[in-house]
Amino acid sequence: MEVKKAYSYADIEKINFKTIKVSEKFQKHWGQVERSGSILLYGSSGHGKTTYAMQVMKDICAFQKVHYNSAEEGIRMSFKRSLKLNNMKSVRSKFTFSKEKYDDMVLRLRKKRQPKVVIVDSVQYCFKGKRDTDYYNLIEEFDTTLFIFLSHMAKGEPKGSIADAIRWDCQNRILIKDFKAYIEKSRCGADETEPYIINKEKAAERELKLLKHG
């Protein structure tokens, strides 16, 4: 069996990694994200995960195409409302949508000229019946694609074994809570001190509610 090459410092210094281009605002928030592997967004229902994902998609669409797999919600009236609220019409030629489980999503991504950023909403619906190894197979096969996964939360952590695997493997782990996005872990130089405000009005309402209930 052939032994793989070991890299020197000089070898690594010569490698040019492909990164995701975003606006200055998201550059500060996310850091320099590589166009491979994954990012995990997780939180409880009603805290702004989908809104945040739409804002992320809109920002990236200014520079390249994005595919959104709405495996959980599907193309429904509520999803259409989210598109309108986030003015996604302004970048309408830069994204596509589907409602697909894991196997169908893989078949789509094997086709030519697919977007190199894929948002999966949610891990629990897309990977239903799958194992941790399926996640690793996905990012290994599509190693020039960035996957942004949305996940439910249980007992304060991403829900389920696959979400937990993504939690440890991802470039950025982001907690969505009370319409704020907190960088909990980053390999990209993200801002781990100040949260990104998803919706100022709703975030303020949540803060006031918490103060009232002490």
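**Exercise 1. Find the surroundings of Q55 in this predicted model.**

Task: Leaving aside neighbours within four places in sequence, which residues is Q55 in contact with?

Solution. Step one: set aside the neighbours within four places in sequence; Q55 is then in contact with F26, N86, Y196 and I198.
Step two: place Q55 itself. This residue is found in helix α3, which spans residues 49–61.
Step three: look at one of those contacts in detail. A polar atom of the Q55 side chain lies 2.9 Å from the backbone oxygen of I198.

**Exercise 2. Judge the burial of Q55.**

Task: Is Q55 buried or exposed?

Solution. Step one: take the relative accessible area of Q55, which is 17%.
Step two: compare it with the cut-off, since buried means under 20%. Q55 is therefore buried, at 17%.

**Exercise 3. Explore two aromatic pairs.**

Task: The structure holds 13 aromatic pairs. What is the geometry of the pair formed by F26 and W30, and which parts does the pair of Y52 and Y196 tie together?

Solution. Step one: for F26 and W30, the centres are 6.1 Å apart and the planes make an angle of 85°, an edge-to-face pair.
Step two: locate these two residues. They are 4 residues apart in helix α2 (residues 24–30), so about one helical turn separates them. Both F26 and W30 are buried.
Step three: turn to Y52 and Y196, another edge-to-face pair, with 5.6 Å between centres and 70° between planes.
Step four: Y52 belongs to helix α3 and Y196 to strand β10 (residues 196–197), so this pair ties together parts 144 residues apart in sequence. Y52 and Y196 are both buried.

**Exercise 4. Map the largest nonpolar core.**

Task: How many residues does the largest nonpolar core have, and which have the most contacts inside it?

Solution. Step one: the count is 36 residues.
Step two: those with the most contacts inside the core are W30, L41, Y52, M57, I60, I148 and I174.
Step three: ask where the largest share comes from; α3 supplies it, with 7 residues.
Step four: another core lies apart from this one, with 21 residues, including V120 and F127.

**Exercise 5. Read the buried side of α5.**

Task: Which residues of helix α5 (residues 102–109) are buried, and where around the axis do they lie?

Solution. Step one: the buried residues of α5 are Y102, M105, V106 and L109.
Step two: they lie on the same side of α5, because their arc around the axis is only 100°.
Step three: find their partners. The buried residues of α5 pack against several elements, among them β4 (117–121) and α7 (132–141).

Notes. Residues numbered from 1 in each chain as written. Predicted model: local features only at pLDDT ≥ 70, side-chain atom pairs only at ≥ 80, totals over all residues. Heavy atoms only, no water. Buried < 20%, exposed > 50% of the residue type's maximum accessible area, 1.4 Å probe, protein only. Contact = heavy atoms within 4.5 Å. Polar contact = N/O pair within 3.5 Å; in protein donor to acceptor, adjacent residues only side chain to side chain. Core = buried A, V, L, I, M, F, W, Y, C linked by side-chain atoms within 4.5 Å. Arc of directions from axis to C-beta. Phe/Tyr/Trp six-rings, centres within 6.5 Å; stacked < 30°, edge-to-face > 60°.
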